Amino acid sequence: MGECMSLSSLTNPVTAAVVHGRPNGWQRALSLGPGIALTGALAAAAIELGKLSWLQSNGISALTLAIVLGMLVGNTVYPRLASASAGGVIFSKQTLLRAGIILYGLRLTFQDIANVGISGVTIDIVVLSSTFVLSWWLGTRIFGLDRRTAMLIGAGSSICGAAAVMATEPVVRGRAEQVTVAVSTVVVFGTLDIFLYPAMYHLNSRYHLLAMSPTAYGIYAGSTIHEVAQVVAAGRAIADAAANTAVITKMVRVMMLAPFLIILSTYLSRFPQCGEDQCHEDQRGEDGHAPPAGNASASATGNASAPRASQRPRRVVIPWFALGFVAVAGLNSLAILPHTFVSTAVDVDTGLLAMAMAALGATTHVSAVRTAGIKPLALAALLFLWLIFGGVAINAGISTLFGS
């Protein structure tokens with residue numbers, strides 16, 4: 001019997017891995033297959049729906065649709081499929097996301113920076129930094145949110161919406177429900193921007209409240225609206241010049257995602273591994289409860305020479321995918337890649353990001369989002385108002401300073 005088992009395991013690599021307890025490539029591929037197929041199907045459906053003219057005209061992208069479809073499946077049939085597909089869903093949410101962020105660099109070039117000028121770049125920097133810091137401060141000090149939720153909402157509002165939230169999650173170590181809450185808020189208020197910004201432009205043109213050309217409007221929209229698709233929709237509602245300037249300004253803002261993640265990771269490494277709200281969150285078990293008090297006392301009376309968890313500094317998490325994003329953008333800036341290759345790669349990138357969004361939605365329960373309450377929405381609403389009115393002030397002040 002033993003010899004037969006050994007012989008069969010040699011002819012079947014999957015069986016060999018099971019018998020010897022060493023998972024190999026075949027076994028891993030088979031375990032990931034169902035989940036990847038699920039997120040791939042949801043992503044494909046979202047991409048096809050995203051081609052509808054009504055959705056495109058209203059700035060509703062495939063990524064937004066993917067997370068909605070994912071949540072629908074996640075709160076209906078996915079619990080019955082989780083045992084077979086969980087591995088592939090997690091792979092989509094983590095590995096495919098990072099690959100998607102890297103390929104996102106093919107959407108822009110370093111020449112985009114020159115096109116918006118020093119004033120446009122400065123506006124992007126000031127809007128990004130002020131919005132993120134404001135979100136962190138308001139979220140933790142005023143609304144009493146946990147630090148990770150506040151940072152995720154801030155990242156989405158200040159950089160590029162859902163993609164920024166997903167890219168920031170590995171750095172801040174956010175949970176699925178925290179990420180979904182953040183994505184939901186930027187989708188809601190970013191969608192409002194699509195209709196509000198053109199209306200404000202026409203109102204301003206009628207009453208001459210501010211001197212704002214279509215180009216100036218484009219910089220304003222690109223530096224303050226959440227998602228790329230929303231920027232495109234809000235720009236096209238005015239003029240082609242406004243849309244082109246808005247997209248370029250937005251792409252420069254997107255390019256700032258990489259240095260933002262590196263700076264944030266370096267800053268967070270200064271805090272203890274179990275600092276602030278994260279200490280209480282990370283020490284909770286799967287059921288959401290803190291460990292028994294006896295465990296704490298036991299650790300306190302343990303080896304005195306061993307540093308306590310709360311005293312160990314966090315290591316700097318280098319977001320390698322952010323560096324890859326910059327490298328790909330730099331390669332794209334050289335204009336040596338064939339246009340057909342870039343176009344195909346961008347389509348692949350959209351698919352990868354849509355799969356990541358679908359996976360996020362599938363692993364999020366509506367009850368977890370509902371438990372978050374009104375506070376995240378209130379924080380996002382204040383950031384929304386800051387981007388509108390503070391954004392106007394920043395754009396006007398920096399444009400005047402640089403004489404543009």
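How many residues does helix 13 have, and what distance does helix 13 reach from its first C-alpha to its last? In the predicted model described here, helix 13 spans residues 240-255, a run of 16 residues, and it reaches 23 Å between its terminal C-alpha atoms, close to the 22 Å expected at 1.5 Å a residue. Along this helix the buried positions include Ala242, Ala243, Thr245 and Ala246, and they also include every residue from Thr249 through Lys250, Met251, Val252, Arg253 and Val254 to Met255. An α-helix has 3.6 residues a turn, so residues three or four places apart point the same way. The cover over the buried residues of helix 13 includes helix 7 (111-142), helix 8 (147-160) and helix 11 (214-224), together with helix 12 (228-236), helix 14 (257-268) and helix 17 (320-333).

One residue of helix 8 illustrates this packing. Ser158 has its place in helix 8 and counts as buried, because its relative accessibility is 0%, under the 20% cut-off. When residues up to four places away in sequence are left out of account, Ser158 touches Leu128, Thr131, Phe132 and Arg253; of these, Arg253 is itself among the buried residues of helix 13.

At the level of the whole chain, the secondary structure comes to 20 helices and zero strands. Of its 404 residues, 47% count as buried, while the accessible surface comes to about 19300 Å², with 67% of that area belonging to carbon and sulfur atoms. Among contacts between residues at least 6 apart in sequence, 81% join residues that are at least 24 apart.

Two further pairs of residues give examples of separation in sequence set against distance in space. Val188, which lies in helix 10 (residues 176-207), is 193 residues from Ala381 in sequence, yet the two C-alpha atoms are 9.5 Å apart. Val188 counts as partly exposed because its relative accessible area is 41%, between the 20% and 50% limits. Leu401, placed in helix 20 (residues 375-401), is 282 residues from Ser119 in sequence and 8.4 Å from it in space, C-alpha to C-alpha. With a relative accessible area of 69%, Leu401 is over the 50% limit and is therefore exposed.

The largest pocket has a volume of about 960 Å³. Its lining is made up of 29 residues, among which Ser61, Arg107, Val228, Ala229 and Val232 lie nearest the centre. Helix 4 (53-57), helix 5 (62-74), helix 12, helix 13 and helix 18 (339-362) each supply at least two residues of this lining, so that helix 13, described above for its buried residues, also contributes to the wall of the largest pocket. By class, the lining has 16 nonpolar, seven polar and six charged residues.

Backbone geometry sets two loop residues apart for comment. Most residues other than glycine have a negative phi, and most peptide bonds are trans. Arg173, although not a glycine, has a positive phi of about 60°; Arg173 is found in the loop between helix 9 (162-172) and helix 10 and, at 28% relative accessibility, counts as partly exposed. His208 likewise is not a glycine and has a positive phi of about 55°, and its place is in the loop between helix 10 and helix 11. At 65% relative accessibility, His208 counts as exposed.

Definitions and conventions: Residues are numbered from 1 along each chain as its sequence is written. This is a predicted model: local features need pLDDT of at least 70, side-chain atom pairs count only at pLDDT 80 or more; totals for chains, interfaces and linings use all residues. Side-chain values use heavy atoms; hydrogens and water are left out. Helices (H or I, at least four residues) and strands (E, at least two) are DSSP runs, numbered from the N terminus. The expected span of a helix is 1.5 Å times one less than its number of residues. Buried means under 20% relative accessible area, exposed over 50%, partly exposed in between (1.4 Å probe, protein chains only). Contact means heavy atoms within 4.5 Å. On a 1 Å grid over the protein atoms alone, a cavity is a set of points where a 1.4 Å probe fits but cannot get out, and a pocket is an open set with protein on both sides within 12 Å along at least five of seven lines; lining residues have an atom within 4 Å of a point. Grid points are joined across faces, edges and corners, and a volume is the space filled by probe spheres set on the points. Ala, Val, Leu, Ile, Met, Phe, Trp, Tyr, Cys and Pro count as nonpolar, Asp, Glu, Lys and Arg as charged, and the others, Gly among them, as polar. Accessible areas come from the Shrake-Rupley method with a 1.4 Å probe; for residues, only the protein chains shown count as cover.
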